[in-house]
Amino acid sequence: MTLVFVYGTLKQGFPNHATNRGRLVAATATTLDPWPLYLVSERSVPWLIDRKGEGSRITGELYEVDDGALSAMDRLERIDAPDGYRRRTIAVSPPGADPLEAQVYLKEP
C-alpha cells in the first residue's frame, strides 16, 4: 500500500475521484513545506509545481492506495508523458498525527 496526497481533481467530490480507489486516511492533511499551486485554463485545473519551499503549504486529502489504484492514477496523470505530472515523495501532516511521507503529483517548472 502507498500513501498518496491529493489536492485537486482526485479529491472527494471532484471529477477524477472515481480513479482514486484508495482508502481515505485523513480528510485533511497539509504539506510540511510550501509549494506553488496554480489553477490553469478555463477549467481551473490545479497544478502543484515542483518547487519545494516556494508558495504556500497546501491542504488536501490523504489516501492509502494499492498498486492497481496507483497505476490507474499514474495513467490519469500521464506520468510518462513529457507534459504530464511527476509522482514524487513529500512530507505531509494529518491533524494530530506525526508527519508522514506520501506520494504526490507535481508539474515540472
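A salt bridge is a side-chain nitrogen of Lys or Arg within 4 Å of a carboxyl oxygen of Asp or Glu. The side chains of Lys 52 and Asp 33 meet that definition, with N and O 3.6 Å apart. This pair joins distant parts of the chain: Lys 52 sits in the loop between β4 and β5, Asp 33 in the loop between β2 and β3, 19 residues apart. Lys 52 is exposed at 57% relative accessibility. Asp 33, at 26%, is partly exposed.

The model is predicted. Its protein chain averages a pLDDT of 95, and 100% of the residues score at least 70. Among the elements, strand β6 (residues 86–93) has the highest mean, 98, and strand β4 (residues 45–48) the lowest, 92.

A search of the whole structure finds 7 salt bridges. One of them pairs Arg 23 with Glu 64 at 3.2 Å, N to O. Here strand β2 is linked to strand β5, across 41 residues of sequence. Arg 23 has a relative accessible area of 47%, so it counts as partly exposed. Glu 64 is also partly exposed, at 23%.

Next comes the pair of Glu 108 and Arg 88, whose closest N and O atoms are 3.8 Å apart. Glu 108 lies in the segment after β7, and Arg 88 in strand β6, 20 residues away in sequence. Glu 108 is partly exposed at 44%; Arg 88 is partly exposed at 32%. Both belong to a network of salt bridges that also includes Asp 50 and Arg 86.

Finally, the loop between β6 and β7 holds Gly 96. Gly 96 is exposed, with a relative accessible area of 93%. Its C-alpha lies 21 Å from that of Lys 11, and the two are 85 residues apart in sequence.

Definitions and conventions. Residues numbered from 1 in each chain as written. Predicted model: local features only at pLDDT ≥ 70, side-chain atom pairs only at ≥ 80, totals over all residues. Heavy atoms only, no water. pLDDT = per-residue confidence, 0-100. Helix = DSSP H or I, 4+ residues; strand = E, 2+ residues; numbered from the N terminus. Buried < 20%, exposed > 50% of the residue type's maximum accessible area, 1.4 Å probe, protein only.
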